[in-house]
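Colleague: I am new to reading protein–DNA models. Could you walk me through one?

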Protein chains: 2
Amino acid sequence: MTTTKRNYHQYCGLASGLDVIGERWTLLVVRELMMGPRHYGELLADLPGMGTNLLADRLKFLTEQDVVRRVDVKGTGSRLAYELTERGARLRPFVLGLARWGLDFVGEIHPDDTVRPHWGFLAVESMLRQEAVTDHEEQYEFRVDDEVFRIEVSGGQAKTARGPASEPATVAKVDSATFVQIGAKRLTPLTAMLTGRLTLDGEVEAVLRCCDLLGLDAGDYAAGR
Amino acid sequence: MTTTKRNYHQYCGLASGLDVIGERWTLLVVRELMMGPRHYGELLADLPGMGTNLLADRLKFLTEQDVVRRVDVKGTGSRLAYELTERGARLRPFVLGLARWGLDFVGEIHPDDTVRPHWGFLAVESMLRQEAVTDHEEQYEFRVDDEVFRIEVSGGQAKTARGPASEPATVAKVDSATFVQIGAKRLTPLTAMLTGRLTLDGEVEAVLRCCDLLGLDAGDYAAGR
DNA sequence: CTGCATCCGCCTCGATACTG
DNA sequence: CAGTATCGAGGCGGATGCAG
């Protein structure tokens, strides 16, 4: 028990930050909590390869550091859950930045790779190019496997949200593996459509604006209209 | 030798990114290279506790992944150095963001903690509040131990640079440990001055603008003028 | 002397089994 | 369902060796 936790012993913000969230699996736990509270079992299920003792250790430590908190999701002690604290939520910008940066390293999909539809939500948020927002006020809906989320463009700002859009200008239906491959630019939206793995509803112009907003190559699609 | 490198096997940008820069020490190596090319021995000296084999492994892997490149710093093969590639340089925004986030975890300084003056350069860059830029065009110079760097405010933009300022509106002279403590808000500029660990030259108004730009509490200092 | 490679003890990690 | 206990494997840390 006197085994002291390993840290860098550097008087520096980055090193101190990495002492908290730099260990293996930790930032992936944070990612899971970035879409809302989750139960222990859900975390375990979406992080295959992570030992249950490690998850318990990480959650306990993150709780001590005020990055994560235990919460009674509804009712009296029915089932506990974990959620990000305000301090944990402040990690969002650069978790998204790192997710965007890492897209370049996403290779061909391998049989024993894990894919989860809600990761697509973060992928979209990390790909959003605020500088590409137009003055069209509209919403784009995504149905990745069984997850549904949307982009809302309003008042010169684009933001993501979970759940269906009220009046979607486009609806994209796709499986999660294909979705990530498009984000990683290993597949264009056009080829995904032609191979039947992606379905796009709505008017063409809206689809083009959506692709541009995400920095995706819509050229082929545009040429085919 | 056939020991395959450990990775997350998740089809996700964040996981793929962490497979590249998520291992122990890696992001600290990147930090060291963010101030320009460095030699193997310099890296080793500024990362105490890191084994020489680990540094060699990390550098080799980062080179393979096009995050880092070997350069002939001057002349024919005299001494090699490592520097960030364009891909590695794209890590800067969220390395800085994490450095800023981690400042909250910087505790009291401990005898066997390592401190390096050039980390102050990154601390300043991470603390810069672009929204606090005024229309005063001026420069602030910092002399942290033997390192000299500056902030340049010009055209509504603030940016950091190494080396002395041509016409500093303020010169701050301080040791590196004190510098980090001020950044971590464990010490106000005023108390640091009163204990003789910080010297501030230049007109008071410029000092106040500099503090505000870095989000530091200048209230005490202002009250004492 | 710098830039690594090799070797070895230890501690973290990952998988399974077990308990409230 | 939510963790705790246990143990083998392997990444890490420190010392040392060696080549250019």
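Modeller: We start with the ground rules, then take the DNA, then chain A.

Modeller: This is a predicted model: local features need pLDDT of at least 70, side-chain atom pairs count only at pLDDT 80 or more, and totals for chains, interfaces and linings use all residues. Residues are numbered from 1 along each chain as its sequence is written, chains are lettered from A and ligands numbered from 1 in the order written, and side-chain values use heavy atoms, without hydrogens and water.

Colleague: Which residues are closest to DNA strand D?

Modeller: A residue is near a strand if one of its heavy atoms lies within 4 Å of it. Here 17 residues surround DNA strand D. The closest are Arg6(A), Thr52(A), Arg24(B), Trp25(B) and Gly49(B). Of the strand D atoms within 4 Å of the protein, 74% belong to sugar and phosphate.

Colleague: Which side chain has a polar atom 2.6 Å from a phosphate oxygen of DNA strand D?

Modeller: A polar contact is a pair of N or O atoms within 3.5 Å. Trp25(B) has a polar side-chain atom 2.6 Å from a phosphate oxygen of strand D. For Tyr82(A), the distance from a side-chain N or O atom to a phosphate oxygen is 3.0 Å. For Arg70(A), a polar side-chain atom is 3.5 Å from one.

Colleague: What percentage of the residues of chain A count as buried?

Modeller: Buried means under 20% relative accessible area, with a 1.4 Å probe and protein chains only. Of the 225 residues of chain A, 53% are buried. The C-alpha trace of chain A spans about 65 × 40 × 35 Å along its principal axes.

Technical notes
Polar contact = N/O pair within 3.5 Å; in protein donor to acceptor, adjacent residues only side chain to side chain. Buried < 20%, exposed > 50% of the residue type's maximum accessible area, 1.4 Å probe, protein only.
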